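Here is a short tour of the packing, the cysteines and one hairpin in this model. Have a look at the sequence and structure first, then read on.

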Amino acid sequence: MAKRVHQPREDAEFDFILGMSRVPVLAYFIGTWPKAIEPCRAMDLVVGGIADEYTGRLTVVRTDITRCPVATERYGVTGAPSYVLLKAGAVVAHGTGLMTIAEVRKFLDGHL
């Protein structure tokens, strides 16, 4: 995972990161159950690349669903991997599943 990706250990830390961000936030939700592990690992590389590419324009937060259940529920996340793009705390886009880096760019660029 890229150094520019935040990985909160709990909901309070997730909320702190969101509150401190001066740019839009991509909350990338991952799961640790057997069916979610491989797709989430595959997306780690894509999301890490996005974090590097969008440095200064986007804060990326890799969020473990089991460690941040309040955030997971707040944003209606029901599966992993899932993506929630937030601007000034408001949800502007929501996505799920495996994506190529080009698809993630398209997902972001329409809203940044």
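## Around Leu-58

Leaving out residues up to four places away in sequence, Leu-58 touches Val-23, Pro-24, Val-25, Leu-26, Ile-50, Leu-85, Leu-108 and Leu-112; contact here means heavy atoms within 4.5 Å.

A word on the ground rules: this is a predicted model, where local features need pLDDT of at least 70 and side-chain atom pairs count only at pLDDT 80 or more, while totals for chains, interfaces and linings use all residues. Residues are numbered from 1 along each chain as its sequence is written, and side-chain values use heavy atoms, with hydrogens and water left out.

## Two nonpolar cores

Leu-58 is also one of the residues with the most contacts inside the largest nonpolar core, together with Leu-26, Met-43, Tyr-83 and Leu-108; this core has 21 residues. A nonpolar core is a set of buried Ala, Val, Leu, Ile, Met, Phe, Trp, Tyr and Cys residues joined through side-chain atoms within 4.5 Å. Buried means under 20% relative accessible area, exposed over 50%, and partly exposed in between (1.4 Å probe, protein chains only).

Which elements each supply at least two residues of this core? They are strand E2 (25-30), helix H2 (34-53), strand E4 (82-87) and helix H4 (101-109). H2 gives the largest share, 7 residues. Helices (H or I, at least four residues) and strands (E, at least two) are DSSP runs, numbered from the N terminus. A second, separate core has 14 residues, including Phe-14, Ile-17, Val-25 and Ala-71.

## The cysteines

How many disulfides does the model have? The count is 0, taking a disulfide as a pair of cysteine sulfur atoms within 2.5 Å. For Cys-40, the nearest cysteine sulfur is that of Cys-68, 14 Å away. Cys-40 is buried, at 2% relative accessibility, and Cys-68 is buried too, with a relative accessible area of 0%.

## The E4–E5 hairpin

E4 and strand E5 (residues 90-96) run antiparallel and are joined by 6 bridges; two strands pair if DSSP finds at least two bridges between them. Lys-87 has Ala-90 in E5 as its bridge partner. The hairpin has 2 residues between the strands, and Ala-88 takes a positive phi near 55 degrees there.

## Arg-62 and its partner

Arg-62 lies in strand E3 (residues 59-64). Is Arg-62 buried or exposed? With 18% relative accessibility, Arg-62 counts as buried. The side chains of Arg-62 and Asp-44 are joined by a polar contact of 2.9 Å. Such a contact is a pair of N or O atoms within 3.5 Å; within protein, one must be able to donate a hydrogen and the other to accept it, and residues adjacent in sequence count only if both atoms are side-chain atoms.
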